[in-house]
Amino acid sequence: MKENACNNKNQKKNPGFLLSAVSSNSGKTAAACGLMSAFKQEGKRVCACKCGPDYIDPMFHREVLGVDSKNLDLVFSEEDILKEGYLKHTKDADITITEGVMGFYDGMSLDSVKGSSYDVAQTLGLPVILVINARGAAMTLVATVKGIVEFRPDSNIRGILLNRVSAMLYPRLKEMLENELARIGHDEIKIVGYMPENEAFHLESRHLGLVTPQEMENLQEKVRQAGEILAKTVDLELLEQIAGEAAVWKAEVSEESEKIGSLKSLNYPVRIAVARDEAFCFYYKDNLELLESLGCEVIEFSPLHDKKLPENVKGILLGGGYPELYGKELAENQSMLESIRRALDDKIPCLAECGGFMYLHEEMEDADGNVWKLVGRIHGKTFPTGKLVRFGYVNLQRNLDEDQISELKERMSIADSWILPGENIRAHEFHYWDSTDSGSDCLAVKPDGKRRWKCIHLEENLVAGYPHLYYPSCKEFAERFVEECRSGYRE
């Protein structure tokens, strides 16, 4: 059993709690957004986190609520790095709300809690609030809570938020649940409130989970209403008391972290263009912060709306998103396409993943069968498959046999040095589109080693493919990218 962060003598308290549930589609996102809104309306400084690799919920937190948010992922990060990042992210907050992933104990594989909401809560010493769908149930709710709480004795579940409950039924349901929980020895678990049936808690869905915030009509008003409702139906003072039980100890800053942090002051800034608009919006905060710590200045631009790349940039990041929804607009922005082509021809280093990788293709087919001509650097076509193509965590490594490794060591071109033999980059795939040429310079290996597939184009100034990379898992990769960008100032 893992040592709970609460037991460390040198702990630093950051008030917060983790919202989890029995499964997906239980109302976690609606509850998280509503509670953030409620606390913000009270004047609290609110911070947000999301368990796992999902980009979309943190986008909601940032774009709709104006709440800074980051991913907490124990498959990508080591425990000390996660704690250090959490403390840095939450240090100025009055309260931090962490939204869980899937069910409370659901981890990276069917038989593991690794990377689960439970794993994150244990690592950070966070009390847990369970969101329970109570529609059409009564005493069975007690059995459900008992099973989840006792499945692991250190679950640290401290409260229950009932979803889809009427104002009329709630007082009786609350009394029954607290009495029954006390009877079976769990009087530490409080019923903190309820979420009634209301349009304010209904969030639309799409193939990647939730729609992007830019597309949700009246979303900010919806979330504001959700906050007003929860301010009346949830005991926010009790939640603050529970949040005050959180304890996270300050992880020692590694020599590697200190080394990376010092590089920024030793070198002049490297301007990198980062695509961010309705079509390209998926970036891990940790990735951008790592690049900034290495001396990069992030300059955002829009492949949809801008006419060309920002001036004097020496690197390009094309992140994931929904380019398939904007094929016409992207294809018609010929000046931007030409600007990207010219930059790539001029050997400007470029990292492109998932949606950004699709943008670099000669052709992209949308869901209606329309085919759009795009950048053309990747020879081939990206197309819809109607199903999830490749999904989940992977470790990326070079696709080389022993003879090729020996040959590579002798020639070692720039394209060969992006990822060296023996190095691994942790990554995640989730896409419904595929490509006639997904690349073959790397292997994506599932964590259990049972499945693997070829992926990624490694070229002199390009790393492109479907996997979303987590740069801190191989800092050397990020350092090489920045050094290649920096070399543009010396030419």
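**Exercise 1. Which residue meets Arg426 in a salt bridge?** Find the partner, then place both residues.

*Ground rules.* This is a predicted model: local features need pLDDT of at least 70, side-chain atom pairs count only at pLDDT 80 or more, and totals for chains, interfaces and linings use all residues. Numbering starts from 1 along each chain as its sequence is written, and side-chain values use heavy atoms, with hydrogens and water left out.

*Solution.*
- Step 1. Apply the criterion: a side-chain nitrogen of Lys or Arg within 4 Å of a carboxyl oxygen of Asp or Glu.
- Step 2. The side chain of Glu78 meets that of Arg426, at 2.9 Å from N to O.
- Step 3. Place the pair. Helices (H or I, at least four residues) and strands (E, at least two) are DSSP runs, numbered from the N terminus. Arg426 sits in strand β22 (residues 425–431) and Glu78 in the loop between β4 (69–72) and α3 (79–90), so the salt bridge ties together parts that are 348 residues apart in sequence.
- Step 4. Check accessibility. Buried means under 20% relative accessible area, exposed over 50%, and partly exposed in between (1.4 Å probe, protein chains only). Arg426 is partly exposed at 23%. Glu78 is partly exposed at 47%.
- Step 5. Set the pair in context: the whole structure has 32 salt bridges.

**Exercise 2. Where do Lys174 and Glu178 lie?** Describe their salt bridge, then do likewise for Glu338 and Arg341.

*Solution.*
- Step 1. Lys174 and Glu178 meet through their side chains at 3.2 Å, N to O.
- Step 2. Both belong to helix α6 (residues 170–183); they are four residues apart, about one helical turn.
- Step 3. Lys174 is partly exposed at 26%, and Glu178 is partly exposed at 23%.
- Step 4. Turn to Glu338 and Arg341. The closest N and O atoms of this salt bridge are 3.4 Å apart.
- Step 5. Both residues lie in helix α12 (residues 334–345), three residues apart, about one turn of the helix.
- Step 6. Glu338 is partly exposed at 37%. Arg341 is partly exposed at 23%.
- Step 7. Salt bridges can also share partners: Glu42, Lys44 and Glu240 are joined into one network in that way.

**Exercise 3. At what angle do helix α1 and helix α8 pack?** Give the geometry, then the contact residues.

*Solution.*
- Step 1. Two packed helices are described by the angle between their axes and the distance between the axes.
- Step 2. Axes are lines fitted to C-alpha atoms, for helices over the stretch in contact; angles run from 0 to 180 degrees between N-to-C directions.
- Step 3. Helix α1 (residues 28–41) and helix α8 (residues 236–243) pack at about 100°, with their axes 12 Å apart.
- Step 4. α1 is therefore roughly perpendicular to α8 (65 to 115 degrees; under 35 is roughly parallel, over 145 roughly antiparallel, and the rest oblique).
- Step 5. List the contacts (heavy atoms within 4.5 Å). From α1 come Leu35, Ala38 and Phe39; from α8 come Leu236, Leu239 and Glu240.

**Exercise 4. Which residues does Ala138 touch, not counting residues up to four places away in sequence?** Locate Ala138 too.

*Solution.*
- Step 1. Ala138 is in the loop between β6 (128–133) and α5 (139–151).
- Step 2. Ala138 is partly exposed, at 37%.
- Step 3. With residues up to four places away in sequence not counted, Ala138 touches Leu173 and Met176.
- Step 4. The C-alpha atoms of Ala138 and Leu177 are separated by 8.4 Å, and these residues are 39 residues apart along the chain.
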